[in-house]
Amino acid sequence: NRTIQGEVYATGGDVITEVNGRRVAGADALRREIDSREPGDRIRLTVVRGGDERTVEVRLGERPSE
C-alpha cells in the first residue's frame, strides 16, 4: 500500500489524485467528477504511477451500458 495526500491506496496501478486541478479523495469522488461531464469533454487527470506524478489530458468517451 502507498499513502498519497493522506489517502491509502493499494499499489500496482495508477492512482488518479486530481481532475482539472481539483483533488479527488477516492473512487466515489472520481466517479462523481466523471459523471458530471459529457462524452467528448476533455479533462486533465493528475496521476501517480510508480511514485512519479504526471498530468495527462483525456477525452471522455461513451460509458458502456451496464
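In which strand does Thr17 lie? I start there because, in this predicted model, Thr17 is buried, with a relative accessible area of 2%, and the strand that holds Thr17 is E3. Leaving out residues up to four places away in sequence, Thr17 touches Ile4, Gln5, Arg22, Arg23, Val24, Thr46, Val48 and Glu53, and I will come back to several of these names as we go through the sheet.

Let me turn to the sheet itself, which is open, has 4 strands in the order E4-E3-E5-E6, and is paired in the antiparallel sense. Its edge strands are E4, residues 22-23, and E6, residues 52-59, each of which pairs on one side only. Going along that order, strand E3, residues 15-19, pairs with E4 over 2 bridges, again antiparallel, and Glu18 has Arg23 as its bridge partner in E4. E3 also pairs with E5, in the antiparallel sense and over 4 bridges, where the partner of Ile16 in E5 is Val47. Between E5 and E6 the antiparallel pairing runs over 8 bridges, and one of the residues concerned is Arg49, whose bridge partner in E6 is Asp52. The hairpin of E5 and E6 has 2 residues between the strands, and in this hairpin Gly50 takes a positive phi near 60°.

Next, the nonpolar core. Which residues make up the largest nonpolar core? There are 7 of them, namely Val19, Val24, Ala29, Ile43, Leu45, Val47 and Leu60, and the largest share, 3 residues, comes from strand E5, which covers residues 42-49. As general background, nonpolar side chains in soluble globular proteins tend to be buried together. Taking Leu45 as an example, and setting aside its neighbours within four places in sequence, we find Leu45 in contact with Ile16, Glu18, Val19, Arg54, Thr55, Val56 and Val58.

Another member of this core, Leu60, is placed in the segment after E6. Is Leu60 buried or exposed? Leu60 counts as buried, because its relative accessibility is 15%, and the cut-off for buried is under 20%. Although Leu60 and Gly40 are 20 residues apart in sequence, their C-alpha atoms are 5.1 Å apart in space. Gly40 is also among the residues that Leu60 touches, together with Ile34, Arg37, Glu38, Pro39, Asp41 and Ile43, when residues up to four places away in sequence are not counted.

Finally, the charged side chains, where a search of the whole structure finds 5 salt bridges. One of them joins Arg22 and Glu33, with the closest N and O atoms 3.0 Å apart; since Arg22 lies in strand E4 and Glu33 in helix H1, residues 27-35, this pair ties together parts that are 11 residues apart in sequence. The two partners differ in setting, for Arg22 counts as exposed at 54% relative accessibility, whereas Glu33 is buried at 11%. Glu33 forms a salt bridge with Arg37 as well, again with the closest N and O atoms 3.0 Å apart, and Arg37 is partly exposed, with a relative accessible area of 22%. Arg22, Glu33 and Arg37 are thereby linked in a network of salt bridges.

Within helix H1 itself, Arg31 and Asp28 are 3 residues apart, and therefore separated by about one helical turn; their side chains meet in a salt bridge of 3.2 Å, N to O. Arg31 counts as partly exposed, at 43% relative accessibility.

Definitions and conventions
Residues are numbered from 1 along each chain as its sequence is written. This is a predicted model: local features need pLDDT of at least 70, side-chain atom pairs count only at pLDDT 80 or more; totals for chains, interfaces and linings use all residues. Side-chain values use heavy atoms; hydrogens and water are left out. Two strands pair if DSSP finds at least two bridges between them. A nonpolar core is a set of buried Ala, Val, Leu, Ile, Met, Phe, Trp, Tyr and Cys residues joined through side-chain atoms within 4.5 Å. Buried means under 20% relative accessible area, exposed over 50%, partly exposed in between (1.4 Å probe, protein chains only). Contact means heavy atoms within 4.5 Å. A salt bridge is a side-chain nitrogen of Lys or Arg within 4 Å of a carboxyl oxygen of Asp or Glu.
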